[in-house]
Amino acid sequence: MTHSQARAACSHIALTGLSRARLGELIEELAPKWTARCDSALHERRGGARRRAVGAGPDHRLVFVDRVLVTLVVLRLAVPHAALAVLYGVDRSTVSRAVREVRPLLAARGFAVPDRPGVRLRTLDDLFAYVDAEQVRLRMDGTEVQVRRPRVNRAGRRSFVSGKRRQNTIKTTTFCDEQGRTLFSGVVRPGRMHDQTAVRTEGIGEQFRLHPEVAADVDEGYRGLANEFPDQVGAPPRKPKKDSPEGDKLAWREHRRRQSSRRICVEHAQAELKQWRPLQRYTGRRDAYAETHLAIAGLVSDRAAARATRRKTSTELVLARRAAC
């Protein structure tokens, strides 16, 4: 297989998660950051300014476009690095180095915002500021991804054992809007940690206090958060006692059904993330999972933000002063 055929094959696989136009925009977005990172590393290695003209020296075996394509294929289908190395006719270490270079750039991009081109959310502070300004009701839920079992006698080995799945997992929390469009996904914690504890350690309680107008729908796992912020966090209604009137039981079922109907879109958002192979069962190093998750979630949010909105935005971006004609 020639080099052009290898690029065409990887482009076809990468397009299963991105549109062709979005793939071109992504390459243009990351190219200056990758170049600046390479120049900074070379400057540090030399200990000073360059002595040769720009472009001198050996060329990369994998150009930047191929490095992006290789990384997207690894994130999409978890293709082994050795297989991609054979495809491009390079050493496996070259592919691994390309993934290590491009994946942090993808993880640092943040999450796209619907109807706000160029605006991206990177922290929980950004998320709550956005939903407060746009009057969006959040949907929040945690999910787990199975990871490799830590070595015997390693410190903190049991912290990854999930009490729910009885497996070694890593837990993340996803936030979306009423249409299931991913706004933020992260808060990476060991699988043994409870869903509510994970977001509390990230400071979500303080965010609800700073933004009293922000509301969210959650499941039973966030009951304590709903008790602390009853006007902001909506959890499923408590089940009535057995000797309660039949009318109360029917009202409970209807209330629970409506709350579940409002919250189900976050399950769809998580399912959209699980379409990417590494988030179905992660077989890499656990210390690289957070970076992998952020890179994939950012790409998924790009596609989700492109879906048409069913609501009118509450704010309008206008110029601070009129430009002279």
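This text describes the aromatic contacts of a predicted model.

The structure contains 6 aromatic pairs. A pair of aromatic rings is described by the distance of the centres and the angle of the planes. For Phe111 and Phe184, the ring centres are 5.2 Å apart and the planes meet at 55 degrees, so this pair is classed as tilted; planes must be under 30 degrees apart to count as stacked and over 60 to count as edge-to-face. Phe111 belongs to strand 1 (residues 111-112) and Phe184 to strand 5 (residues 182-190), so their pairing ties together parts that are 73 residues apart in sequence. Both partners are buried: the relative accessible area is 3% for Phe111 and 6% for Phe184. Phe111 and Phe184 also join Phe175 in one aromatic cluster.

A further tilted pair is formed by Phe208 and Phe229, because their ring centres are 5.5 Å apart and their planes stand at 35 degrees. Phe208 is part of helix 8 (residues 204-210), while Phe229 lies in the loop between helix 9 (223-228) and strand 7 (233-234); the contact therefore ties together parts that are 21 residues apart in sequence. Phe208 has a relative accessibility of 1% and counts as buried. Phe229, at 9% relative accessibility, likewise counts as buried.

Aromatic rings also take part in contacts with arginine side chains. Arg76 lies over the face of Trp276, at 4.9 Å from the ring centre. Arg286 is placed over the face of Phe160, where the distance from the ring centre is 4.5 Å.

Note on methods: Residues are numbered from 1 along each chain as its sequence is written. This is a predicted model: local features need pLDDT of at least 70, side-chain atom pairs count only at pLDDT 80 or more; totals for chains, interfaces and linings use all residues. Side-chain values use heavy atoms; hydrogens and water are left out. Rings of Phe, Tyr and Trp (its six-membered ring) pair if their centres lie within 6.5 Å; planes under 30 degrees apart count as stacked, over 60 as edge-to-face and the rest as tilted. Helices (H or I, at least four residues) and strands (E, at least two) are DSSP runs, numbered from the N terminus. Buried means under 20% relative accessible area, exposed over 50%, partly exposed in between (1.4 Å probe, protein chains only). A charge sits over a ring if NZ of Lys or CZ of Arg is within 6 Å of the ring centre and within 35 degrees of the ring normal.
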